[in-house]
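Reader: I would like a close look at one part of this chain, the first hairpin and what surrounds it. Please keep it brisk.

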Amino acid sequence: MMAVSVSAAFTVTVEGVGEATCYPGERVLVALERAQGFGRLKGLCRKLPVGCRRGGCGVCRARIIQGDYRAGPMSRAHVSQTDEAAGVVLSCAIYALSDLTLRFEAVAVRTAESAACCGEALPSHP
């Protein structure tokens, strides 16, 4: 087994949430899960959005704000080519090639529980 040098690691910053260390060849979502386990994503108001872990479900949809990455296969039902060109990705299907800054895309449907967790009020519907 080959050891990975710490200097070869990249920092993945989740806007307003925290940072994770991501190693070459490691999926960004894996690095974020590890960081959450170590308490480094303190600004995350709920559990990290994780689903299938292989680019198929769209739960971990994020927007890359800055940095370079390599993308693996992602479901076009969740990330169109237009979305991808605008920096929208599935964090389980990308690999950092430099330090990255990202933000998770808003969940399309909020529950009262998730809104309360984040200190938000749900809009009232007549």
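To set the scene, among contacts in the chain between residues at least 6 apart in sequence, what percentage join residues at least 24 apart? Then take me through the hairpin of β1 and β2, and on to the core.

Author: The answer to the opening point is 53%. This is a predicted model, and its confidence comes first. The chain averages a pLDDT of 82. A score of at least 70 is reached by 78% of the residues. Over residues 107–126 the pLDDT is below 50. That stretch still has 15 contacts in the model beyond near neighbours in sequence.

Next, the overall layout. The chain has three helices and seven strands. From the N terminus on, the order is β-β-α-β-β-α-β-β-β-α. Of the 126 residues, 33% count as buried.

Now the hairpin. Strand β1 covers residues 10–14, and strand β2 covers residues 18–22. The two pair in the antiparallel sense, over five bridges. Two of the partnerships can be named. F10 has C22 as its bridge partner in β2. T11 has T21. Three residues lie between the strands. G16 takes a positive phi there, near 70°.

Side chains alternate along both strands. In β1, F10, V12 and V14 point to one face and are buried. T11 and T13 point to the other face and are not buried. In β2, the buried face belongs to G18, A20 and C22. E19 and T21 point the other way and are not buried.

β1 has another partner besides β2. It runs parallel to β7, and three bridges join the two. In that pairing, T13 stands opposite T101.

From the strands, turn to the core. In soluble globular proteins, nonpolar side chains tend to be buried together. The largest nonpolar core here has 29 residues. V12, V28, L32 and L102 touch the most other members. Both hairpin strands, β1 and β2, give two or more residues to this core. So do α1 (28–37), β3 (61–66), β5 (88–90), β6 (94–96) and β7 (100–104). The most comes from α1, with five residues.

V28 shows how these parts meet. Leaving aside neighbours within four places in sequence, V28 is in contact with V12 and C22 from the hairpin. It also contacts S91, I94, Y95, A96, L100 and L102.

S91 deserves a stop of its own. It is found in the loop between β5 and β6. S91 counts as buried because its relative accessibility is 0%, and the cut-off for buried is under 20%. Not counting residues up to four places away in sequence, S91 touches R27, V28, L29, C60 and F104.

Y95 is another contact of V28, and its ring has a charge over it. The charged end of R70 sits there, 4.1 Å from the ring centre. Aromatic pairs are another matter: the structure holds zero of them.

To retrace the route: β1 pairs with β2 in the antiparallel sense and runs parallel to β7. V12 points to the buried face of β1. V12 is also among the core residues that touch the most other members, and it is one of the contacts of V28.

Definitions and conventions:
Residues numbered from 1 in each chain as written. Predicted model: local features only at pLDDT ≥ 70, side-chain atom pairs only at ≥ 80, totals over all residues. Heavy atoms only, no water. Buried < 20%, exposed > 50% of the residue type's maximum accessible area, 1.4 Å probe, protein only. Helix = DSSP H or I, 4+ residues; strand = E, 2+ residues; numbered from the N terminus. Pairing = 2+ DSSP bridges. Core = buried A, V, L, I, M, F, W, Y, C linked by side-chain atoms within 4.5 Å. Contact = heavy atoms within 4.5 Å. Phe/Tyr/Trp six-rings, centres within 6.5 Å; stacked < 30°, edge-to-face > 60°. Lys NZ or Arg CZ within 6 Å of the ring centre and 35° of its normal. pLDDT = per-residue confidence, 0-100.
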